Amino acid sequence: MSKAKADSEKNAIIVYLEDKHRLRVQSQFSESIPLDDANALYQAFVEDTIAACLTVESTLIIAYTSERAREIIATAIANLRSSLKGKARARLENGDVQMLPQSESDVTANFEAAFRKCFESGHDKALLIDCVTPTLSKRMLENAFKVLKKKDIVFGPTLEGSYYLLGMRKIVPPVFNQIDWSNADEIYSRMVEVAQADELNWEEIELWYDLRQPGDLEFLVRDINAFRIGGDENSAKATEAILETLFQKLGGEEL
């Protein structure tokens, strides 16, 4: 086994689904589009996020907090079994995807528990993302793992001052006992404060975005177009299909 292959087997990606966040995203989108379409869009975000993670050599752990979230994940995986090919399909079928039900209502506690599970099961690097960043690429995820070879923490900031990715190579207590991860709007500033105060060994990666409201779809359309122009026909494929249907319904109107 090559060293690169052995290293990748110690990597884990956690995708986190949480009901309050889902309901907030669906509610904000439903202010501009029908609720059924907002729900379909969220379902596509989950499907594309899982598909993107399956392009990276790692264990995929999907953490969820409710029966409704489990149903959304099950639908996404069923759809991917029909659409994926090659290594990503094989990883889906070979047990590289693990489900992690969580009962806590505390987002921060759930994050810490998910990271602990990764490290206790033998992984030495773990990334956590949510499911509203369907354009997160293989390159960005692999770059985050590279950062963790030299840093304890990797952080992906968003345009809104929040985050799209948190990665660690060990449990760093201040990240969980000094930052409220349910308060998404202040995460970046709080992360910087804690990192400076506690002299944490961390690094930011490139600025990106998550999808919280209809205005964010401009970024999504831009990046899907860039994927296709660049010859990538697979990234954000489910989201693209929902957007095409939605634009047809709206007769070309802007969201």
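This is a short dialogue on reading a few features of a predicted model.

Visitor: Where is Asn110 found, and is Asn110 buried or exposed?

Guide: A residue counts as buried when its relative accessible area is under 20%. Asn110, which is found in helix H6 (residues 107–120), has a relative accessible area of 2%, and therefore Asn110 is buried.

Visitor: Which residues is Asn110 in contact with, leaving aside its neighbours within four places in sequence?

Guide: With those neighbours set aside, Asn110 is in contact with Tyr16, Thr65, Gln102 and Glu104. For Tyr16 there is also a polar contact, in which the side chains of Asn110 and Tyr16 are joined at 3.0 Å.

Visitor: At what angle do helix H2 and helix H3 pack?

Guide: An angle between 115 and 145 degrees counts as oblique. Helix H2 (residues 19–29) packs with helix H3 (residues 35–53) at about 130 degrees, their axes being 8 Å apart, which means that H2 is oblique to H3. The crossing of the two helices is right-handed. On the H2 side the contact is made by Arg22, Val25, Gln26 and Phe29, while H3 contributes residues including Leu35, Leu41 and Phe45. The residues of this contact divide into 7 nonpolar, 2 polar and 1 charged.

Visitor: Which residues of helix H9 are buried, and what do they pack against?

Guide: An α-helix has 3.6 residues a turn, so residues three or four places apart point the same way. In helix H9 (residues 187–197), the buried residues are Ile187, Met191, Val192, Val194 and Ala195. They pack against strands E5 (153–157), E6 (163–168) and E7 (202–204), and against helix H8 (173–177). After H9 comes Glu199, with a positive phi near 50 degrees.

Methods: Residues numbered from 1 in each chain as written. Predicted model: local features only at pLDDT ≥ 70, side-chain atom pairs only at ≥ 80, totals over all residues. Heavy atoms only, no water. Helix = DSSP H or I, 4+ residues; strand = E, 2+ residues; numbered from the N terminus. Buried < 20%, exposed > 50% of the residue type's maximum accessible area, 1.4 Å probe, protein only. Polar contact = N/O pair within 3.5 Å; in protein donor to acceptor, adjacent residues only side chain to side chain. Contact = heavy atoms within 4.5 Å. Axes fitted to C-alpha atoms, helices over the stretch in contact; angles between N-to-C directions. Parallel < 35°, antiparallel > 145°, perpendicular 65-115°, else oblique. Left-handed = near helix turned anticlockwise from the far one by under 90°. Nonpolar A, V, L, I, M, F, W, Y, C, P; charged D, E, K, R; others polar.
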